[in-house]
Amino acid sequence: MRKNVILMPARLSLLLTTALLATSTLAHAETGSRMLSQQPQPPDVRLGPLFSAVQKAQFYPDQKTFADAIPKYDPASILADWQMQKKQRNFDLKRFVDMNFTLPKEQDKYVPPAGQSLREHINGLWPVLTRSTPDASQYDSLLPLPKPYVVPGGRFREVYYWDSYFTMLGLAESGNWDRVQDMVDNFATELDRYGHIPNGNRSYYLSRSQPPFFSLMVDLLATHKGDEVYRHYQPQLQKEYDYWMADSDSVAAGHASKRVVKLSDGTLLNRYWDARDVPRTESWLDDVKTAEKTPERDKPQLWRDLRAGAASGWDFSSRWFTDAHSLASIRTTALVPVDLNSLLFHLEQTLSKSARLAKQDDQAKAFAAAAEKRQAAINRYLWDEKQGWYADYDFSKKQVHNQLTAAALFPLYMQLAGDKQAERTASAVEKQLLKPGGLVTTTVNNGQQWDAPNGWAPLQWVAVEGLEHYNQPQLARQIGQRFLQNVQQTYDKEHKLVEKYVVEGAQLGGGGGGEYPLQDGFGWTNGVTLMLLDKYCPKEKTCNSASDIPDMPALQRAN
């Protein structure tokens, strides 16, 4: 059954809410500006034209390789040497790179012990995926973190923000609470150090964040350590909020600034945003080529939209496109995303709770009122009454974007939907997104990885939890069990877990599409899989292969 959302009475003063929240944001503005000026420069800035020349030369199949390379000497000196040597007749750029940079080493391919069950395999993977980088080379793009952390796997050699929450669910299920604590502390450190949690702990990710799951991480840790956790991390929760709400006190109605959108009636909502408007460091050549395909588009705006798409975690999806089959039509910054605003609703509720526990009654009331306003705004602007589902709002066109995606389930996950809205959303999801291998991300098949035929572990968990909140256990079970079968079947064949899965069509298994090959590992798949095993296979001996996982039709026949 759905839990009741506690809302503040309407008589709470709008003036009180605005004053408290604006004062908090202003108090951190100067600190935020100082943090920005002290942040390390990404490789494309430090190396300038040399970085562009190497990426254009395409020495490496993955553009992230050179982004992660470590200069052996002062980058300014390397750049000066290159400027001089490149004019020589027999200059060899590849040799120059090899002489002056240490390239990232590929991890040895993990070979699991024979005969491991899926659960045993995942539990054995946690130490394989754990990194400890309290220090980093002076010129490394890697940002050091004080405590160990779990990476996704494959090309993803650093920790990623929203991935980590789903990884942490699995760590907690495995009893690795010390690692959960470590990762929460690492993210708190980033909030203190940079004023936000970057996309990943690389200098080239500092210009953006990702879906704000820090408040859910605090929730998770509190289930183990109690409510004192909310008071302990209150300063960092506040910094997360200040980052997302920056400029909310100064942006004019009908306009947007950074991550804040103020609608014409004064309603405040949020969007994904990146502080830079140049090609992504880790996908530099891809972004240059995308811009070449659409010479009529303003390049800085296109690159900002690509970067904002990366900030969303859905990089990339027809969800952000004007033309569902054209990446060059991306316009992420023109949309108010339903998942982002649902997560910020949870952050406001969490801040209210932490303030209440700290006996800061005025702040508690102000944040509860902010959450109530956001809930009302989501249900007004991000609800498509005609179609019967939640979707992103195009604030430039003043209309809801009528595409159904798996993000429609976030208001159910965060328990801010009305019962009728939840019922209609569930019906649409069952008819259009439920597939043999789980929940498909969208109904569009265009070669992008966050579109059909792919399904992603975190979205399966959001759906399962969200639907259970609103008394939809049958649909939740269908999604969860089908995806779990898909993961198990792939493991039975290939003895690994992967980043994403094909969930529809004749051949299920590892997914495809996007800018890079399918990655093994894989942090958030491991975490969600353990949670689904707990739901549907609580006794390990009953689920050693896909045939052991009961499917929904069989359950229906049994009932």
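**Notebook: cores, annotated sites and a small sheet**

I began with the largest nonpolar core, which holds 138 residues; the members touching the most others are Tyr 165, Phe 166, Phe 213, Phe 214, Met 217, Tyr 413 and Ile 479. Helix H8, residues 161-173, gives this core its largest share, eight residues. I note here that the model is a predicted one.

I then listed the contacts of Phe 213, leaving out residues up to four places away in sequence. Phe 213 touches Tyr 161, Trp 162, Tyr 165 and Phe 166, and also Glu 240, Leu 343, Phe 410 and Tyr 413. Another core, of 17 residues, lies apart from the largest one; I recorded Leu 47, Phe 51, Leu 79 and Phe 96 among its members.

**Annotated positions**

I looked up the UniProt record next. The entry, which is unreviewed, places the feature "active site" at Asp 315 and Glu 499. These positions are spread over 185 residues of sequence, yet they cluster in space, with a largest C-alpha distance of 13.3 Å. Both Asp 315 and Glu 499 are included in the lining of the largest cavity.

I asked where Asp 315 is found. Asp 315 sits in the loop between helix H14 (299-311) and strand E8. Its relative accessibility is 24%, so I entered Asp 315 as partly exposed, the class between 20% and 50%. Beyond its neighbours within four places in sequence, I found Asp 315 in contact with Gly 309, Ala 310, Gln 449 and Trp 450.

I located Glu 499 in the loop that joins helix H20 (473-494) to strand E16 (501-502). Is Glu 499 buried or exposed? I entered Glu 499 as buried, because its relative accessibility is 3%, and the limit for that class is under 20%. Not counting residues up to four places away in sequence, Glu 499 touches Phe 156, Gln 449, Trp 456, Tyr 516, Leu 518, Gln 519, Phe 522, Trp 524 and Thr 525. Gln 449 thus appears in my contact list for Asp 315 and in my list for Glu 499.

**Two residues within helices**

I found Phe 483 in helix H20. Phe 483 counts as buried because its relative accessibility is 0%. Leaving aside neighbours within four places in sequence, I listed its contacts as Gly 437, Gly 438, Gly 455, Trp 456, Ala 457, Gln 460, Tyr 501 and Leu 532. Trp 456 is also one of the residues that Glu 499 touches. I checked a separation as well: the C-alpha atoms of Phe 483 and Leu 344 are 28 Å apart, with these positions 139 residues apart along the chain.

I found Ser 342 in helix H15, residues 338-357. Its relative accessible area is 0%, so Ser 342 is buried. Neighbours within four places in sequence aside, Ser 342 is in contact with Ile 378, Phe 410, Pro 411, Met 414 and Leu 416. I had already entered Phe 410 as a contact of Phe 213.

**The three-stranded sheet**

Last, I traced an open sheet of three strands, in the order E8-E11-E12, with antiparallel pairing. Why does one side of E8 and one side of E12 lack a neighbour in the sheet? Strands E8 (335-336) and E12 (399-400) stand at the edges, and each has a single partner strand, so one side of each is left without a neighbour. Strand E11, residues 393-394, pairs with E12 in the antiparallel sense over two bridges. I noted that Tyr 393 stands opposite Val 400 in E12.

Methods: Residues are numbered from 1 along each chain as its sequence is written. This is a predicted model: local features need pLDDT of at least 70, side-chain atom pairs count only at pLDDT 80 or more; totals for chains, interfaces and linings use all residues. Side-chain values use heavy atoms; hydrogens and water are left out. Two strands pair if DSSP finds at least two bridges between them. Helices (H or I, at least four residues) and strands (E, at least two) are DSSP runs, numbered from the N terminus. A nonpolar core is a set of buried Ala, Val, Leu, Ile, Met, Phe, Trp, Tyr and Cys residues joined through side-chain atoms within 4.5 Å. Buried means under 20% relative accessible area, exposed over 50%, partly exposed in between (1.4 Å probe, protein chains only). Contact means heavy atoms within 4.5 Å. UniProt positions are given in the numbering used here, feature names are shortened, and annotations may be inferred rather than shown by experiment. On a 1 Å grid over the protein atoms alone, a cavity is a set of points where a 1.4 Å probe fits but cannot get out, and a pocket is an open set with protein on both sides within 12 Å along at least five of seven lines; lining residues have an atom within 4 Å of a point.
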